[in-house]
Amino acid sequence: MSVSSLLRCTMRVESKHVATHFVQQRALSGADAINALRPFYFAVHPDFFGQHPREREVNENSLKRLNGYLENLQKPGARSVQPTKLTFYVRETKDSNDIQQDLIPSGFRSVSFTLHTKDVLSTVMNVLKSCSLPIEHMKGLKASTEAAKRPPEVGVPFYRPIKWDKTYYTFTGFRDPEQELQQAKRVEPTLSLWLRNNECEATKKHSASLPRRDELKRLKKELCQKFALADIRWQRSWGVTHRCCQLQSLSRLSLQNPEALINLQGHTIVFTDQSGMNASGHVMLGTMDVHHQWTKLFERLPSYRSLQQQTDWLKERISLLLGGAQVIHVERLGPVQPIAEYYSTLNTFHKRLMSRCLRLHPRSLQGLTMTLENDRSTPSLHEMGHFIIPTNCDPPQLQLFLQSHAVEARERIKRKNQLEAEEEATVRDCLQSLSLRTLSKEPSVSSSQMITCCKRLLEQRSPLMQGLHLCVSHFYSVMQDGDLCIPWDWKS
């Protein structure tokens, strides 16, 4: 299969919109959209997911993408917005329809949908319908948008925190997330008390998981050596049993059809929700797919590798045009970005740069990095030192932004490297001094938070921690394999 045909199979063609309908419907203001999405915000608001950090992270990430999508729709002169795939974990509220499908063990519904609407009103309707939330309150808004043709508001923020007056919760019966968080903090136990109450359960679960842990190590080592794999990873924090089942399935396929796995040589395998190749060039195996689908993917790997080579070439060309700054891809929670979509983003950005003559010294921005975002309207500088650049950013504006923020970006990168080095040293000290078996953290825990937590653990030096598998998170929990999760800001 050629690269062009692969792209045609994986990328959806964006349908043309009717201009008159677009003008009428864009009149919905940012404030109206926020009011219309209130049932949605109450169903997915991250503050309601304090005990479920992974679901909280997914919702926060998807909310950012949704907000960027809405902001782009409000930009004057905006012609089209890239389709955006979103995943939300939805709480069952009294506004939810009587739908119980797709419930995960934590009790939430997992909802995935793709936005390809061309106006704010249609986007709001799409979000509410996709999450099975009522849309009766939209009738008045829809009528008002058809009557009023005022220009759209620019830069209206959609992102949380969303705070309403306390009387709103009194009259609606909804729970106040701020009040719930305060109550949770008041009843949160001290670390030593929680360890005493849960050490026995954790030890029992860990002992029971030892045969599965050994089996997981054996299978991973065997598959990596047999097919010269670079690594085997998992997108989510699945338990040991779940991971073993996935490797056993791949091992059975290798015995039944060993020729199918030859193309995997040198690749990193990532078990995730969908099959394909991600933006990092890793082979994704969908955990819900059958062997036939995996085999078809392995047969298409030569085409994927060709697409990856073209992606790398585009990165090199962009770097030459932007003074040596490198385009990177940051893996994050939520829907993964397929390599075909990433190639399209790079290609669009490269063509935009080529349309204007930039005056940047070939090595003036060397050592700096950037990520490209389809759902952003303005460039920004991340706290970790990399630039976040909209794909449709105006080249002269981009040049001015990069040059004016280059010094600050280098300072932030230096600070990030210092924090990561300090974090690594502190974690090493904790493992040795506290006799921990393992010490890890959730992706949502920053380096500075991890350092603070580890230093406090070293000061307390609790003997209860000897031999434990510890994970620093935002909550207390005993995982199914005996790992202990503690909040980074635990009470002493």
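**Figure 1. Aromatic pairs, with F40 at work in two of them.** In this predicted model, the count of aromatic pairs comes to seven. Take F40 and Y41: their ring centres sit 5.8 Å apart and their planes meet at 50 degrees, so we call this pair tilted. Planes under 30 degrees apart would count as stacked, and over 60 as edge-to-face. Both F40 and Y41 are buried. Now look at F40 with F88, which make an edge-to-face pair, with 5.0 Å from centre to centre and 90 degrees between the planes. This pair links distant parts of the chain: F40 belongs to helix 4 (residues 38-44) and F88 to strand 1 (residues 84-90), 48 residues apart. F88 is buried, and F40 is too. Put F40, Y41, F88 and F113 together and you have one aromatic cluster.

**Figure 2. A charge over a ring: R456 and W490.** Here's another way a ring can be visited. R456 lies over the face of W490, and the distance to the ring centre is 3.9 Å.

**Figure 3. Strand 14 and its two partners.** Start with the side chains of strand 14 (residues 484-487). In general, side chains in a regular strand alternate between the two faces of the sheet. Here, L484 and I486 point one way, while C485 and P487 point the other way, and all of them are buried. Next, the neighbours. Strand 12 (residues 469-473) pairs with strand 14 in the parallel sense, over four bridges, and C471 is the residue standing opposite C485. Strand 13 (residues 477-478) pairs with strand 14 too, but in the antiparallel sense and over two bridges. This time the bridge partner of C485 is S477. Strands 13 and 14 form a hairpin with five residues between them, and G482 in the turn has a positive phi of about 95 degrees.

**Figure 4. Helix 6, a mostly covered helix.** Helix 6 (residues 120-130) has eleven residues, and eight of them are buried. If you want to find them, look for V120, L121, T123, V124, M125, N126, V127 and L128. At the start of the helix, a side-chain oxygen of D119 comes to within 3.3 Å of the backbone nitrogen of L121. Just after the helix, S132 takes a positive phi of about 55 degrees.

**Figure 5. T426 and what it touches.** T426 is found in helix 15 (residues 395-433). Is T426 buried or exposed? It counts as buried, because its relative accessibility is 7% and the cut-off for buried is under 20%. Leaving out residues up to four places away in sequence, T426 touches I451, C454, K455 and L458. Take C454 from that list: T426 and C454 are 28 residues apart in sequence, yet their C-alpha atoms are 6.3 Å apart in space.

**Figure 6. An open sheet of four strands.** The strands here come in the order 7-8-10-9, with mixed pairing. At the edges are strand 7 and strand 9 (380-381), each pairing on one side only. As a rule, strands of a sheet pair through backbone hydrogen bonds, either parallel or antiparallel. Walk across from strand 7 (residues 326-327): two bridges join it to strand 8, and the two run parallel. One spot to check is Q326, whose bridge partner in strand 8 is T369. Strand 8 (residues 369-373) has four of its five residues buried, so it is largely enclosed by the rest of the structure. On you go to strand 10 (residues 387-390), which runs parallel to strand 8 and is joined to it by four bridges. Along that seam, L372 stands opposite I389. Last comes strand 9, joined to strand 10 by two bridges, and this pair runs antiparallel. Look for L381, whose bridge partner in strand 10 is F387.

**Figure 7. Zooming out to the whole protein.** How many helices and strands does the protein have? The secondary structure comes to 16 helices and 14 strands. Of its 492 residues, 46% count as buried. Among contacts with a separation of 6 or more, 70% come from residues 24 or more positions apart. The accessible surface of the protein comes to about 24,900 Å², and 51% of that belongs to carbon and sulfur atoms.

Definitions and conventions:
Residues are numbered from 1 along each chain as its sequence is written. This is a predicted model: local features need pLDDT of at least 70, side-chain atom pairs count only at pLDDT 80 or more; totals for chains, interfaces and linings use all residues. Side-chain values use heavy atoms; hydrogens and water are left out. Rings of Phe, Tyr and Trp (its six-membered ring) pair if their centres lie within 6.5 Å; planes under 30 degrees apart count as stacked, over 60 as edge-to-face and the rest as tilted. Buried means under 20% relative accessible area, exposed over 50%, partly exposed in between (1.4 Å probe, protein chains only). A charge sits over a ring if NZ of Lys or CZ of Arg is within 6 Å of the ring centre and within 35 degrees of the ring normal. Two strands pair if DSSP finds at least two bridges between them. A polar contact is a pair of N or O atoms within 3.5 Å; within protein, one must be able to donate a hydrogen and the other to accept it, and residues adjacent in sequence count only if both atoms are side-chain atoms. Contact means heavy atoms within 4.5 Å. Accessible areas come from the Shrake-Rupley method with a 1.4 Å probe; for residues, only the protein chains shown count as cover.
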